[in-house]
Amino acid sequence: MAKKQFKAESKKLLDMMINSIYTHKEIFLREIISNASDAIDKLCYRSLTDENVGMERGDFKIRIDVDKEARTITVSDNGIGMTKEELEQNLGVIARSGSLRFKDGLDEEEQENAAIDIIGQFGVGFYSSFMVSDKVTVISRAYGSDQAYEWVSTGTDGYTISEAEKDTVGTQVIMHIKEDADGEKYSTYLENWKIMMLVRKYSDYVRWPIVMEVEHNEMVETGELDEDGKPKMKMENGFVEETINSMVPIWQRSRAEATDEECIEFYKDHFHDNDDPLAVIRVNAEGMISYRALLFIPSKTPQQFYTRESEPGLELYSSGVMIMDKCTDLLPDCYAFARGVVDSPDLSLNISRETLQHDRQLKLIATNLGKKVKNELTKMMKNDRPKYEKFYQNFGMVLRAGVISEYGDKIDEVKDLLLYNVSEERMVSLQEYVDSMPAEQEKIYFACGDNIRRLLALPQAEQLHQKGYEILCMMNQVDEFFVDTLKTYADKPFCNIAVEDLGLESEEQKQETEKQEAEAKDLLAFVKETLGDQIDRAVLSHKLVSGAVCLTAEGGITFEMERYFRNMPGAPDHLKAIRVLEFNGNHRAYKAMKEAFDAGDKERAAKIVKVLHAQALLIAGEPLEDPAAYTEMICDFIQ
Ligand code: ADP
């Protein structure tokens, strides 16, 4: 029979598995059992809707047989099985997870290290069997098929698939264990005690019974009587099938029965995360609806989290049977980063995705779980700030995006969880900002843009710095929407320093500016005339201290929003900021412009107008229409 070759990447990995120096080779059993358990989940799930399966929940099990003489460990399951094509697809190609991309140019040692990393992180499933085996045979019969197939491989030289005999649906993985060599005692894996230990260590919470023939020494009656007329006894060695895992899912156990460390181990294994989660949340609710939940806040954004492929959601179980693996209705959207499981005996098993959405019980759970997550985050924010900031860096966006998708009504839910930079190093919550406001400060000042240093250096910010008022740097378009909806926090109004009046002027100062403005009417009209459509108005500023000019956006649309709309295909043209060019009446540049204008030198006045306008654009982070012309003008002034 012709041998088929593994795909190149699989081959490379396989090669590394075979020669692996990875110290935790024992995880192979966990991986094989986990596949068996998944296969049973699939068939069991199917049996809910398909009467032909003909299996009861109690019929499913995983069986481990060890044959010391033949040096084999066989893991059998009565799960969904694999067709010939599936054997080929699933076992011939590795890492559909995309985790394996060997970079060209890595030397062998680097590749080995990369592989170890990957084994540690993902387990790499089925292939890990080759760390301890020199030959692996998989015999499988898929549900719905009468024909079984056998997949055999001794490693990198490829594999064969042929027809095989198997009476029942399911899969058998037969691992032929390597001979002891180079200080590796592979033979230990052929000891029952070792297998039992590994199952307890790694697979104890597997929901299906993992059974094994275990040796028992028992006193039995011989059938004869002794001199006293009592039945004679003898010691009998026998093998009895025993379930060696406790099967109780970890989330069904009390705190005393499962430590946080165990929950963390469960998380890492179950959700394929190499890092400890930032928080473990356990819920045991009784009342209108009873359920248990075990939630985790991951420490980093999973790959592809922000892409379309990523599907958030919690695993939903009913009494230990999985109903859905990504149920998004179990948590408010703003907490979509949380991972975990929810198990309620009150939910019907064959509930469909559609009915779930309208399920009142589920809504109750979601509200309650949302509260728990929020409490946990609030605690973290107070008690472990670095941890919270790490969380925020990763998932602050999810918090905010969730609010948008639920349109408005969840703002109150998350407003206390938001953080904003007030300097490059320091982040504060809205409450902290308000708490540290000087007594006379009336507004919450903020600026929007993507660069903290630039925002804090805005000419409009100078007065605020002088007074010791802080400015919240809002780096995301969503924030503007937020502030727009919130309007106030702790009764203090928000003030966008690039848009609104800072409200810092005294009556006298106001009158003074108005007077100046009246005097400058002609000059300001000249500015508008010179710049045409590029601005809507020119005014004398109330905001500037030492800066000469700034550009502010009046009305509802800010420069950030305008930029956002500009990049959005099909957005209407009129979604533009109303541009107001503000001059500092006390600045020498303004005075120079005024002098030229008053002296009738319109050419020079116009040049100054254009330069100042360009500077205002630069400061606001807006592109110059003609940078070359701008530099030309500056050069003219240098002469
Ligand atoms: P993973 O389990 O991470 O997807 P594996 O390499 O362990 O990766 O397995 C590859 C695929 O082979 C599985 O996703 C599954 O479809 C199939 N498979 C492996 N073991 C079994 C089994 N015992 N029964 C049915 N299918 C299996």
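**Exercise 1. Contacts along the chain**

Task: In this predicted model, find what share of the contacts between residues at least 6 apart in sequence join residues at least 24 apart, in the protein chain.

Solution: Begin with the contacts in the protein chain between residues at least 6 apart in sequence; 71% of them join residues at least 24 apart. Next, take the secondary structure of the chain, which comes to 20 helices and 22 strands. Last, take burial: of the 639 residues in the protein chain, 47% are buried.

**Exercise 2. Two residues and their distant partners**

Task: State where Ser290 lies and which residues are in contact with Ser290, leaving aside neighbours within four places in sequence. Then do the same for Val434.

Solution, Ser290: Step one is the location. Ser290 is in the loop that runs between strand S9 (279-285) and strand S10 (291-297). Step two is the list of partners. Without the neighbours within four places in sequence, Ser290 is in contact with Ala285, Ser344, Pro345 and Asp346. Step three is a distance. Leu347 is 57 residues from Ser290 in sequence, and the C-alpha atoms of the two are 9.5 Å apart in space.

Solution, Val434: Val434 belongs to helix H11 (residues 430-435). Its relative accessibility is 13%; since buried means under 20%, Val434 counts as buried. Outside the neighbours within four places in sequence, Val434 is in contact with Ile444, Tyr489, Ala490 and Lys492. One of these partners, Ala490, is 56 residues away along the chain, with 7.4 Å between the C-alpha atoms of Ala490 and Val434.

**Exercise 3. The two sides of a helix**

Task: Sort Leu87, Leu91 and Gly92, and Glu85 and Gln89, of helix H3 into buried or exposed.

Solution: Helix H3 covers residues 84-92, and within this helix Leu87, Leu91 and Gly92 are buried. These three residues cover an arc of only 90° around the axis, so they are on the same side of H3. Glu85 and Gln89, on the other side of H3, are exposed.

**Exercise 4. Positive phi**

Task: His272 and Asp491 have a positive phi. Locate each residue and say how exposed each one is.

Solution: Most residues other than glycine have a negative phi. His272 is not a glycine, yet its phi is positive, about 50°. The loop between helix H6 (260-270) and S9 holds His272. With a relative accessibility of 49%, His272 counts as partly exposed, because exposed means over 50%.

Asp491 is also a residue other than glycine with a positive phi, near 65°. Asp491 sits in the loop between strand S18 (488-489) and strand S19 (492-496). Here the relative accessibility is 73%, so Asp491 counts as exposed.

**Exercise 5. Pairs of packed helices**

Task: For H2 with H5, H16 with H18 and H19 with H20, give the angle, the axis distance and the residues in contact.

Solution: Two packed helices are described by the angle between their axes and the distance between the axes.

*H2 with H5.* Helix H2 (residues 27-49) packs with helix H5 (residues 192-203) at about 65°, and the axes are 9 Å apart. H2 is therefore roughly perpendicular to H5. The crossing of H2 and H5 is right-handed. From H2, the residues making the contact are Ile27, Leu29, Arg30 and Ile33; from H5, they are Ile195, Leu198, Val199, Tyr202 and Ser203. By class, these are seven nonpolar, one polar and one charged.

*H16 with H18.* Helix H16 (residues 521-531) and helix H18 (residues 588-598) have axes 11 Å apart and an angle of about 95°. This angle makes H16 and H18 roughly perpendicular to each other. Asp522, Leu523, Phe526 and Val527 of H16 make the contact with Tyr590, Met593, Lys594 and Phe597 of H18. The classes are six nonpolar, no polar and two charged residues.

*H19 with H20.* Helix H19 (residues 602-619) and helix H20 (residues 627-638) have axes that come within 10 Å and cross at roughly 125°. H19 and H20 are therefore oblique to each other, and their crossing is left-handed. On H19, the residues that meet H20 are Arg604, Lys607, Ile608, Lys610, Val611, Ala614, Gln615 and Leu618; on H20, they are Tyr630, Met633, Ile634, Asp636 and Phe637. This contact has eight nonpolar, one polar and four charged residues.

Methods
Residues numbered from 1 in each chain as written. Predicted model: local features only at pLDDT ≥ 70, side-chain atom pairs only at ≥ 80, totals over all residues. Heavy atoms only, no water. Axes fitted to C-alpha atoms, helices over the stretch in contact; angles between N-to-C directions. Helix = DSSP H or I, 4+ residues; strand = E, 2+ residues; numbered from the N terminus. Parallel < 35°, antiparallel > 145°, perpendicular 65-115°, else oblique. Left-handed = near helix turned anticlockwise from the far one by under 90°. Contact = heavy atoms within 4.5 Å. Nonpolar A, V, L, I, M, F, W, Y, C, P; charged D, E, K, R; others polar. Buried < 20%, exposed > 50% of the residue type's maximum accessible area, 1.4 Å probe, protein only. Arc of directions from axis to C-beta.
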